[in-house]
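Reader: I would love a close look at one part of this model, with enough of the surroundings to place it. Could you walk me through it?

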Amino acid sequence: MSASDAYLKAVATRRTHYAITNKSSVPDAKIEAIIKEAVKHSPTSFNIQSSRVVLVIGAENTKLWKLITETVTKGLEGDHKTHVEGRLAGFSAGYGSVLFFEDQKVIDDITVKFPVYTNEFPVWSTNAAGILQHVVWTSLTLEGLGASLQHYGAKPEVAAAIHQAFDLPTTWTSTAIMPFGDPASPPGEKTFTPVEDRVKVFKA
Ligand SMILES: Cc1cc2nc3c(=O)[nH]c(=O)nc-3n(C[C@H](O)[C@H](O)[C@H](O)COP(=O)(O)O)c2cc1C
């Protein structure tokens, strides 16, 4: 086995798990340690360290998904409301959630310092957020937990409710919410387009 094989095997093992339980076979302290290690070592442009994370577990997770459900389903009716409520109930049934943010104050400050990259910093910020999300997602998978990546925090009214409920700085912008728990069932089938069509190699 080469040095990167174990890492790439872990990358391939990470999957979207929608069916999760309100149990965790992984101790809370271990989940917390994984998140701290991921936040510390995931790279950011100019090493600005703009990523922020909130971990909610147990009743705090129930509180999170209750407020998301109330906010998202407001004004919905009939079958559509039932469908959305059903989907949200699946996330609400989990053990915890990892909330990912980027601190806009950090982005604004670096933009003032390097205005030449004004257009790039927001892009690099979302790139950094994605790297961190992947590190956390893969690490939770390796511990046996199931997780998925959700974006309800992109809705301003949901973001406002989350900020208020957890007393978060207003400069923290939600990039994703990752509900997790022990898997209730295996992930669904995944199809792949030929990787040869997606990667070009030139060598002389
Ligand atoms: C950047 C990104 C955004 C995603 N957003 C959502 C989302 O909002 N809701 C959702 O259910 N899944 C979301 N997913 C999960 C993808 O649908 C999933 O990763 C993809 O279908 C591949 O399946 P896999 O995760 O099992 O490998 C997202 C994944 C990525 C990488």
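Reader: In which sense do β3 and strand β4 pair, and over how many bridges?

Author: Happy to take you through it, with the reminder that this is a predicted model. β3 and strand β4, the latter covering residues 172–181, pair in the antiparallel sense, over 2 bridges. To see one position in that pairing, look at A147, which stands opposite F180 in β4.

Now let us step back to the sheet that holds this pair. It is an open sheet of 4 strands, in the order β1-β2-β4-β3, and the pairing is antiparallel. β1 (51–57) and β3 (146–147) are the edge strands, each pairing on one side only. As general background, strands of a sheet pair through backbone hydrogen bonds, in either a parallel or an antiparallel way.

The sheet sits in a chain with 7 helices and 4 strands. Read from the N terminus, the elements run α-α-β-α-α-β-α-α-β-α-β. The radius of gyration of the chain is 19 Å, close to the 17 Å that the globule rule gives for 204 residues, so the chain is as compact as a globular protein of that length. Along the principal axes, the C-alpha trace spans about 60 × 45 × 35 Å.

Contacts across the sequence are worth a look too. Among contacts in the chain with a separation of 6 or more, 86% are between residues 24 or more positions apart. A helix residue offers an example of distant partners: V72, found in helix α3 (residues 59–73). V72 and Y152 are 80 residues apart in sequence, yet their C-alpha atoms are 7.9 Å apart in space. Setting aside neighbours within four places in sequence, V72 is in contact with V84, L88, Y152, K155 and V158. V72 has a relative accessibility of 13%, so V72 counts as buried, the cut-off being under 20%. For the chain as a whole, 39% of the 204 residues count as buried.

Finally, a word on the outside and the charges. The chain exposes about 12,100 Å², and carbon and sulfur atoms supply 57% of that area. The chain has 20 positive and 21 negative charges, and the mean positions of these two groups are 3 Å apart.

To return to your question, the pairing of β3 with β4 is antiparallel, and β3 is an edge strand of the sheet.

Terms used:
Residues numbered from 1 in each chain as written. Predicted model: local features only at pLDDT ≥ 70, side-chain atom pairs only at ≥ 80, totals over all residues. Heavy atoms only, no water. Rg over C-alpha atoms; globule rule 2.2 N^0.38 Å. Buried < 20%, exposed > 50% of the residue type's maximum accessible area, 1.4 Å probe, protein only. Contact = heavy atoms within 4.5 Å. Areas by Shrake-Rupley, 256 points an atom, 1.4 Å probe, with all protein chains shown as cover. Lys, Arg positive; Asp, Glu negative; His and termini not counted. Charge placed at Lys NZ, Arg CZ, Asp CG, Glu CD. Pairing = 2+ DSSP bridges.
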